[in-house]
Amino acid sequence: MKKKLGTVGIIVILVALLVMWVISLYNGLVQKDEAVASAWSQVENVYQRRADLIPNLVSTVKGAADFERSTLEEVVEARASATQVKLSADELTEANVAKFQAAQDALSASLGRLLVSVERYPELKATQNFSELQAQLEGTENRIAVERQKFNETVKVYNTAIRRFPSNIFASMFHFEKKGYFTAKEGADEAPEVDFDFGK
């Protein structure tokens, strides 16, 4: 009788340890998933900050010079397209992140063309509003690069966790899906640079 009770006790302890181990694995995956969501929120914040600066930039350029209308319209349209691409933390598949990045890259390209065009307007570059926007946009581009890097690092930790044995079994059971990364453009080893100091 004592032997049977001892065996039952061992089984109960083993089952309890197994349950605790499974709970620990699951909670670890949840924590990593939440870290990705938090990192994504920071990415969205810095991109939104840039989007919020663009109307001021367009107004300053439009008001200070007889600027090329098509260039301004291109920036406004690119901003509208970029801000329409919204992703929740549950939608961060490779395809969705690539779509988000493509919209933001299109905005970066049109913004870059606008700023290159400013070279023809020295009186515009000398205004206080433009100087302030220069500092804010440069700071925002740096923040974007930093937050994208943090996001990619967080996603790497998460993606590695859901692929490792035995957590991959529970990741599949509880539908923890692989997240997408931001990818650098070919030949782009650093963040886009917003430089208003033309001709220097």
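The largest nonpolar core here has 41 residues, and the ones with the most contacts inside it are Trp40, Leu57, Phe151 and Phe182. Helices α1 (2–64), α2 (69–84), α3 (94–117) and α5 (128–163) each put at least two residues into this core. The largest share comes from α1, with 12 residues. Keep in mind that what you're looking at is a predicted model.

**The overall picture**

- You'll find six helices and zero strands in this protein.
- Reading from the N terminus, the elements go α-α-α-α-α-α.
- The protein has 200 residues, and 34% of them count as buried.
- Take the contacts between residues at least 6 apart in sequence: 82% of these join residues at least 24 apart.
- About 12,300 Å² of the protein is exposed, with carbon and sulfur atoms supplying 55% of that.

**Around Phe151**

- Phe151 is one of the residues with the most contacts inside the largest nonpolar core.
- Setting aside neighbours within four places in sequence, Phe151 touches Val36, Ala39, Trp40, Val43, Leu92, Gly180 and Phe182.
- Two of those partners, Trp40 and Phe182, also sit in the list of residues with the most contacts inside that core.

**Glu147 and Lys150 in α5**

- Glu147 belongs to helix α5, and so does Lys150.
- Glu147 is buried and yet has no salt bridge.
- The nearest side chain of opposite charge to Glu147 is Lys150, 4.0 Å away.
- Once neighbours within four places in sequence are left aside, the contacts of Glu147 are Gln42, Val43 and Val46.
- Val43 also turns up among the contacts of Phe151.
- Lys150 counts as partly exposed because its relative accessibility is 45%, a value that falls between the 20% and 50% cut-offs.
- Lys150 and Ala39 are 111 residues apart along the chain, but their C-alpha atoms are separated by 6.8 Å.

**Salt bridges**

- There are four salt bridges in the structure, and three of them are described here, starting with Asp33 and Lys179.
- The side chains of Asp33 and Lys179 meet with an N to O distance of 3.3 Å. This pair links distant parts of the chain, with Asp33 in helix α1 and Lys179 in the segment after α6 (167–173), 146 residues apart.
- Asp33 has a relative accessible area of 18%, so it is buried; the limit for that label is under 20%. Lys179 is buried as well, at 7% relative accessibility.
- Glu141 and Arg50 form another salt bridge, with their closest N and O atoms 3.2 Å apart. Because Glu141 is in helix α5 and Arg50 in helix α1, the pair ties together parts that are 91 residues apart in sequence.
- Glu141 counts as buried at 3% relative accessibility, and Arg50 is buried too, with a relative accessible area of 1%.
- Glu94 and Lys178 also meet through their side chains in a salt bridge, at 3.0 Å from N to O. Glu94 sits in helix α3 and Lys178 in the segment after α6, so this pair ties together parts 84 residues apart in sequence.
- Glu94 is partly exposed, at 46% relative accessibility, and Lys178 is partly exposed at 44%.

**On the surface**

- Ile10, Ile13, Leu14, Leu17 and Met20 make a nonpolar surface patch of about 530 Å².
- One of the patch residues, Leu17, is found in helix α1.
- That same helix, α1, supplies 12 residues to the largest nonpolar core.

**Backbone details to look at**

- Phe165 and Pro166 are joined by a cis peptide bond, with omega at about 5°.
- Pro166 is in the loop between α5 and α6.
- His175 isn't a glycine, but it has a positive phi of about 60°.
- You'll find His175 in the segment after α6.
- His175 counts as exposed because its relative accessibility is 62%, and exposed means over 50%.

Notes: Residues numbered from 1 in each chain as written. Predicted model: local features only at pLDDT ≥ 70, side-chain atom pairs only at ≥ 80, totals over all residues. Heavy atoms only, no water. Core = buried A, V, L, I, M, F, W, Y, C linked by side-chain atoms within 4.5 Å. Buried < 20%, exposed > 50% of the residue type's maximum accessible area, 1.4 Å probe, protein only. Helix = DSSP H or I, 4+ residues; strand = E, 2+ residues; numbered from the N terminus. Contact = heavy atoms within 4.5 Å. Lys, Arg positive; Asp, Glu negative; His and termini not counted. Areas by Shrake-Rupley, 256 points an atom, 1.4 Å probe, with all protein chains shown as cover. Patch = residues over 30% accessible without salt bridge, like charges linked within 9 Å, V, L, I, M, F, W, Y side chains within 5 Å.
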